[in-house]
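Trainee: I would like a close look at a single part of this model, with its surroundings. Could you take me through it once the structure is up?

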Amino acid sequence: MATATVGNSVVFLPSRLTTTSLSRPPIPKQQTLRPPFSAGIRASTATAAPTETVPISNGTFACPICYYPLIRKESVSELPDFECRTCKKGYFSNGLYVDATVTGGSEEYGETRPSSTELFRTPLVSFLYERGWRQKFIWGGFPGPEKEFEMAKDYLRPAIGGAIIDASCGSGLFSRMFAKSSMYSLVVALDFSENMLRQCYEFINQEDTPKENLILVRADVSRLPFRSGSIDAVHAGAALHCWPSPSAAVAEISRVLRPGGVFVATTAIFDGIFSWIPLVRTLRQTLASVSGNKFYLSEAELKDLCKACGLVDFICQRNGPFVILSATKHN
Ligand SMILES: C[S@@+](CC[C@H](N)C(=O)[O-])C[C@H]1O[C@@H](n2cnc3c(N)ncnc32)[C@H](O)[C@@H]1O
């Protein structure tokens, strides 16, 4: 992963993409410093118009602990290191992705997440994800990645030319489409799963996906490594129901969105007539607490969740349990 530093801020650049094994990252080679992607992204401050161009180094990436911009740290190793000046914490690239999790680099401390997060960290599920697993979503009314992408693109129109995060990107199904579309100045493929990101890296390589504006970042959706108000859009495909706390995640998404920025997500919902039967609701909540899976939020709950997190103009389309929703950060 190459970087460029301008002023006090750091830009993460994906370096050469090479084929890697499923279980371990490739041995990193000497990294080369390349110019920033396009040298600029759309302005993303609270007051700037989205058409204005500012350098990407203007602090888009931030420490997930204190949210101050990250800086490049001098390193004797081959890989670049990054540091938060405030926390004195380093964030490291392994040649595939930048680990911007709070516990990244911890030697002793480890945390087990709910099963809906842990499942996707396994090499097997990550490997199978685009090789049959994702295709089964069609049974839940998901129209399929190409159609979902077309639907999402409509809602994402206000973000054209700007920075988009594909939150919980998995193996990068949509991140790759965003990068290929050339519609965004920056595409962040973000996931908590190391193995999903590894798969993403391999697919990018195999498909010859344009890499100039594409970055792979490991992060928790509830603790995003971006400055407040710096992002034009967040897309989250089939992920909201996997997040340990949808409210913590959507609040965080709202924090990083610029005013007028859009959140677009797909998920599965449950709000037919049976959902009103008290026993069914209790059962649903019990299942959710046992599995850590937030399946079957209703449309009304999703709308309320967005509103609670400062996102307005909620709209959604449905197809059976499948729903695609869009909500906008207050202007
Ligand atoms: C069903 S997959 C969706 C992948 C892809 N977006 C799609 O549309 O097919 C759910 C993803 O959510 C990710 N995930 C679960 N918990 C997460 C968390 N706390 N932070 C970030 N990503 C998380 C998983 O690693 C997994 O890749």
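How many helices and how many strands does the chain have? And within that, which residues of strand S11 point one way and which the other?

Mentor: Happy to! This is a predicted model, in which local features need pLDDT of at least 70 and side-chain atom pairs count only at pLDDT 80 or more, while totals for chains, interfaces and linings use all residues. Residues are numbered from 1 along each chain as its sequence is written.

To your first question, the chain has 8 helices and 15 strands; these are DSSP runs numbered from the N terminus, with helices being H or I of at least four residues and strands E of at least two. Of the 331 residues, 44% are buried, where buried means that 20 or more other C-beta atoms, placed from the backbone, lie within 10 Å of the residue's own (12 or fewer is exposed, and in between is partly exposed).

Now to your strand. S11 covers residues 214-218, and 5 of its 5 residues are buried. In a regular strand the side chains alternate between the two faces of the sheet. Here Leu214, Leu216 and Arg218 point one way, while Ile215 and Val217 point the other way.

Next, the partners of S11. Two strands pair if DSSP finds at least two bridges between them. S8 (residues 98-99) pairs with S11 in the parallel sense over 2 bridges, and Val98 stands opposite Val217. S10 (residues 186-191) also runs parallel to S11, with 5 bridges, and Asp191 has Arg218 as its bridge partner. Between S10 and S11 the chain passes through helix H5 (residues 194-207), giving a right-handed β-α-β crossover; that is, with the strands pointing away from the viewer, the path from the first strand over the helix to the second runs clockwise.

One more residue is worth placing beside S11. Gly95 sits in the loop between S7 (90-93) and S8. Gly95 counts as buried because it has 21 C-beta neighbours inside 10 Å. Its C-alpha atom and that of Leu216 are separated by 9.9 Å, although the two residues are 121 apart along the chain.

That kind of link can be set beside a figure for the chain: among contacts between residues at least 6 apart in sequence, 68% join residues at least 24 apart, a contact being two C-beta atoms, placed from the backbone, within 7 Å.
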